[in-house]
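The exercises below ask you to work through a structure step by step, with the sequence and the coordinates at hand. Each task is followed by a worked solution.

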Amino acid sequence: MSLTILFSAPDRLWPAYSEALPKAFDAAGIDAHLTRETDPETVDYIVYAPNDALRDFTPFIRTRAVLSLWAGVEKIAPNTTLTQPLCRMVDTGLALGMRDYVVGHVMRHHLGMDRHIHGLSGVWDQTTPPLARDRKVTVLGMGELGRTCADALSGLGFDVTGWSRRPKDVPGITSLSGPDGLQKALSTAEILVLLLPDTSQTQSILNAVTLNRLPKGAMIVNPGRGTLIDDTALLAALDSGRIAHATLDVFRTEPLPEDHPYWSHPKVTVTPHIAAETRPATASEVIAENIRRGEAGEPFLHLVDRSAGY
């Protein structure tokens with residue numbers, strides 16, 4: 001019998017997924033009808049990104065799982081009507097895009113490329129950057145994306161420290177956790193990469209106190225969440241010289257308001273939330289595999305344990 005798959009996500013995503021998902025279902029041997037609107041009692045699986053059309057999951061009594069299009073589920077998991085299994089999106093395209101962005105900007109800051117791009121004003125300054133092995137990089141957040149970026153940076157020779165709330169053992173990476181580990185991770189971070197989720201514990205994790213823990217002249221790359229940074233504290237740290245530069249891809253308000261001081265600050269690079277994007281083709285393959293698993297009675301991939309936080 002054909003499965004009913006409800007696609008409940010913002011309108012802008014439908015054109016790409018209306019093509020990619022059926023192709024992935026066919027390749028996985030799944031007989032499925034993909035729809036944007038149907039009787040909730042007939043829905044077997046929901047492909048989901050937060051939207052106004054679906055906030056109450058209570059009527060979906062037959063639904064076996066909710067398959068998120070997002071890697072972060074902090075805006076989905078707290079929904080008390082969501083009692084069905086929830087799977088986060090771990091897409092190879094998303095991880096590789098984030099890796100490319102982070103490596104590119106870490107290398108840019110490591111090599112001091114801005115000095116040459118913007119010109120040396122006739123000064124023949126032959127200052128040579130250190131080798132990657134002599135540059136300490138800290139990645140806050142060692143989930144799928146953080147580990148992918150940390151592994152890539154370590155592979156280039158950087159001295160990489162990773163921090164997470166709970167202990168993790170990642171080969172080739174100095175792994176720290178907890179409040180004491182955070183202070184140690186910040187204290188060595190010549191370049192700091194933020195890839196934490198948005199939770200009550202991580203909001204404004206980079207604030208006046210923690211910014212002061214960083215080595216003077218540290219550089220920041222934030223493609224994670226805009227809420228991780230206290231904007232007022234960061235601007236003050238940039239003005240004082242405590243922080244040399246911040247490359248920011250995510251913000252508390254998006255699009256970033258035209259009058260926001262980040263736009264004109266000489267020590268800030270703004271990129272418009274382009275660090276990484278879920279690719280419909282590869283994401284659809286992940287969704288199809290989870291549906292196949294659900295129908296075969298196998299464990300879902302990337303199942304969210306809401307009892308342990310997310």
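Patches are made of residues with over 30% relative accessible area and no salt bridge, and like charges are joined within 9 Å. The model examined here is a predicted one.

**Exercise 1. Surface patches**

Task: Find which residues gather in a patch of positive charge on the surface, and determine in which element arginine 147 has its place.

Solution. Step one is to look for positive side chains on the surface, and here Arg147, Arg165, Arg166 and Lys168 gather in such a patch. Step two is to place one of these residues, and arginine 147 turns out to sit in helix α4, which covers residues 144-155. Step three is to check the accessibility: patch members need over 30% relative accessible area, and arginine 147 has 32%, so it is classed as partly exposed.

Task: Which residues form a nonpolar patch on the surface, and how much accessible area do they have together?

Solution. The nonpolar patch is formed by Leu111, Met113 and Ile117, whose accessible area together is about 270 Å². Isoleucine 117 belongs to helix α3, residues 113-117, and with a relative accessibility of 59% this isoleucine counts as exposed.

**Exercise 2. Salt bridges**

Task: Establish how many salt bridges the model has, and work out which parts of the chain are tied together by the pair arginine 64 and aspartate 44.

Solution. A salt bridge requires a side-chain nitrogen of Lys or Arg within 4 Å of a carboxyl oxygen of Asp or Glu, and by this rule the count comes to 13. Among them is the pair of arginine 64 and aspartate 44, whose side chains meet at 2.8 Å, N to O. Arginine 64 lies in the loop between β3 (45-48) and β4 (65-68), while aspartate 44 lies in the loop between β2 and β3, so the pair ties together parts that are 20 residues apart in sequence. The two partners can then be compared by their cover: arginine 64 is partly exposed at 33% relative accessible area, whereas aspartate 44 is buried at 2%.

Task: Take the salt bridge between arginine 225 and glutamate 74, and ask whether each partner is buried or partly exposed.

Solution. The closest N and O atoms of arginine 225 and glutamate 74 are 2.6 Å apart. Arginine 225 is found in the loop between β10 (218-222) and α7 (231-240), and glutamate 74 in the loop between β4 and β5 (86-87), so this bridge ties together parts that are 151 residues apart in sequence. As for accessibility, arginine 225 is partly exposed, with 26%, and glutamate 74 is buried, with 11%.

Task: Describe the salt bridge of arginine 115 with aspartate 125, and then find which residues are joined into one network by salt bridges that share partners.

Solution. In the bridge of arginine 115 with aspartate 125, the closest N and O atoms are 2.5 Å apart. Arginine 115 lies in helix α3 and aspartate 125 in the loop between α3 and β6, so the pair ties together parts that are 10 residues apart in sequence. Arginine 115 is partly exposed at 32% relative accessible area, and aspartate 125 is partly exposed at 32%. Salt bridges that share partners join Asp44, Arg62, Arg64 and Glu295 into one network.

**Exercise 3. Threonines and their polar contacts**

Task: For threonine 247 and threonine 35, determine the place of each residue and what its side chain contacts.

Solution. Threonine 247 is located in strand β11, residues 243-248, and is buried, with a relative accessible area of 0%. Its side chain is joined to that of arginine 108 by a polar contact of 3.0 Å. Threonine 35, in turn, is part of strand β2, residues 32-35, and is buried at 10%. A polar atom of the side chain of threonine 35 lies 3.0 Å from the backbone oxygen of glutamate 37.

**Exercise 4. Backbone geometry**

Task: Which peptide bond is cis, and what is the phi of serine 121 and of histidine 302?

Solution. The peptide bond from glutamate 254 to proline 255 is cis, with omega near -5°, and proline 255 lies in the loop between β11 and β12 (268-270). Serine 121 is not a glycine, yet has a positive phi of about 55°; this serine sits in the loop between α3 and β6 (136-140) and is exposed, at 73% relative accessible area. Histidine 302 has a positive phi near 60°, is placed in the segment after α8 (280-296), and counts as partly exposed at 30% relative accessibility.

Note on methods
Residues are numbered from 1 along each chain as its sequence is written. This is a predicted model: local features need pLDDT of at least 70, side-chain atom pairs count only at pLDDT 80 or more; totals for chains, interfaces and linings use all residues. Side-chain values use heavy atoms; hydrogens and water are left out. Patches are made of residues with over 30% relative accessible area and no salt bridge: like charges are joined within 9 Å, nonpolar side chains (Val, Leu, Ile, Met, Phe, Trp, Tyr) within 5 Å. Accessible areas come from the Shrake-Rupley method with a 1.4 Å probe; for residues, only the protein chains shown count as cover. Lys and Arg count as positive and Asp and Glu as negative; His and the chain ends are not counted. The place of a charge is taken as NZ of Lys, CZ of Arg, CG of Asp or CD of Glu. Helices (H or I, at least four residues) and strands (E, at least two) are DSSP runs, numbered from the N terminus. Buried means under 20% relative accessible area, exposed over 50%, partly exposed in between (1.4 Å probe, protein chains only). A polar contact is a pair of N or O atoms within 3.5 Å; within protein, one must be able to donate a hydrogen and the other to accept it, and residues adjacent in sequence count only if both atoms are side-chain atoms.
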